[in-house]
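Student: Hi, have you got a minute to go through this model with me? I'd like to start with the packing.

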Amino acid sequence: MAEMEEKIKNYRTAPFDARFPNTNQTRNCFQNYLDFHRCNKALTEKGQDISPCQWYQRVYKSLCPMSWVGKWDEQVEAGSFPGRI
């Protein structure tokens, strides 16, 4: 756990992800947004600390245009988000 907190603390920008090798990082952005919300939901339901989920949040915030994130947040709140969370 301390190692993960150290990585989050020293985070500067999104690291290379072999699942998304191309320069177009749209899917990487979307996947990290989903991973953050899934992680947050799963750990909250178990009553555990959600700090490991902050990694995904930092990655999607560095990759995604904030206009997309705002739109997705609105869709999540309205229950119309197209992804599975």
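**Packing around α2**

Tutor: Sure! α2 and α4 are oblique to each other (that is, outside the ranges under 35 degrees for roughly parallel, over 145 for roughly antiparallel and 65 to 115 for roughly perpendicular). Bear in mind that this is a predicted model, where local features need pLDDT of at least 70, side-chain atom pairs need 80 or more, and totals for chains, interfaces and linings use all residues. Numbering runs from 1 along each chain as its sequence is written, and side-chain values use heavy atoms, without hydrogens or water.

Student: OK, at what angle do the axes of α2 and α4 cross?

Tutor: At roughly 40°, and the axes come within 12 Å. Axes are lines fitted to C-alpha atoms over the stretch in contact, with angles from 0 to 180 degrees between N-to-C directions.

Student: And is the crossing of α2 with α4 left-handed or right-handed?

Tutor: α2 passes α4 in a right-handed crossing (near helix turned clockwise from the far one by less than a right angle; anticlockwise would be left-handed).

Student: Which residues make the contact?

Tutor: On the α2 side they are T26, C29, F30, Y33 and H37. From α4 come W68, V69, W72, D73 and V76. Contact means heavy atoms within 4.5 Å.

Student: Now α3. What angle does α2 make with α3?

Tutor: The two pack at about 150°, and their axes are 8 Å apart. That makes α2 roughly antiparallel to α3. This crossing is left-handed.

Student: Who's involved in the contact of α2 with α3, and which residues does each helix supply?

Tutor: α2 supplies N28, C29, N32, Y33, D35, F36 and C39, while α3 brings Q54, Y56, Q57, V59, Y60 and L63. Notice C29 and Y33: both take part here, and both are also in the contact with α4.

Student: How many residues does α2 have?

Tutor: α2 covers residues 26–45, has 20 residues and reaches 29 Å from its first C-alpha to its last. G47 follows α2, with a positive phi near 75°.

Student: Which α2 residues are buried?

Tutor: N28, C29, Q31, N32, Y33, L34, D35, F36, H37, C39, N40 and L43. Buried means under 20% relative accessible area, exposed over 50% and partly exposed in between, using a 1.4 Å probe and protein chains only. The cover over those residues includes α3 (54–63) and α4 (66–78).

Student: Zooming out, how many helices and strands are there in the chain?

Tutor: Four helices and zero strands, running α-α-α-α from the N terminus. These are DSSP runs, H or I of at least four residues for helices and E of at least two for strands, numbered from the N terminus. Buried residues make up 31% of the 85 residues. As for contacts with a separation of 6 or more, 66% join residues 24 or more positions apart.

Student: Loops next. Where is A14, then?

Tutor: A14 sits in the loop between α1 (2–9) and α2. A14 is buried, at 19% relative accessible area. Leaving out residues up to four places away in sequence, A14 touches V59, S62 and L63. The C-alpha atoms of A14 and W55 are separated by 9.5 Å, with their positions 41 residues apart along the chain.

Student: And is P52 buried or partly exposed?

Tutor: P52 is partly exposed, with a relative accessible area of 23%. P52 lies in the loop between α2 and α3, and its C-alpha is 8.8 Å from that of N40, twelve residues away along the chain.

Key:
Expected span 1.5 Å × (residues − 1).
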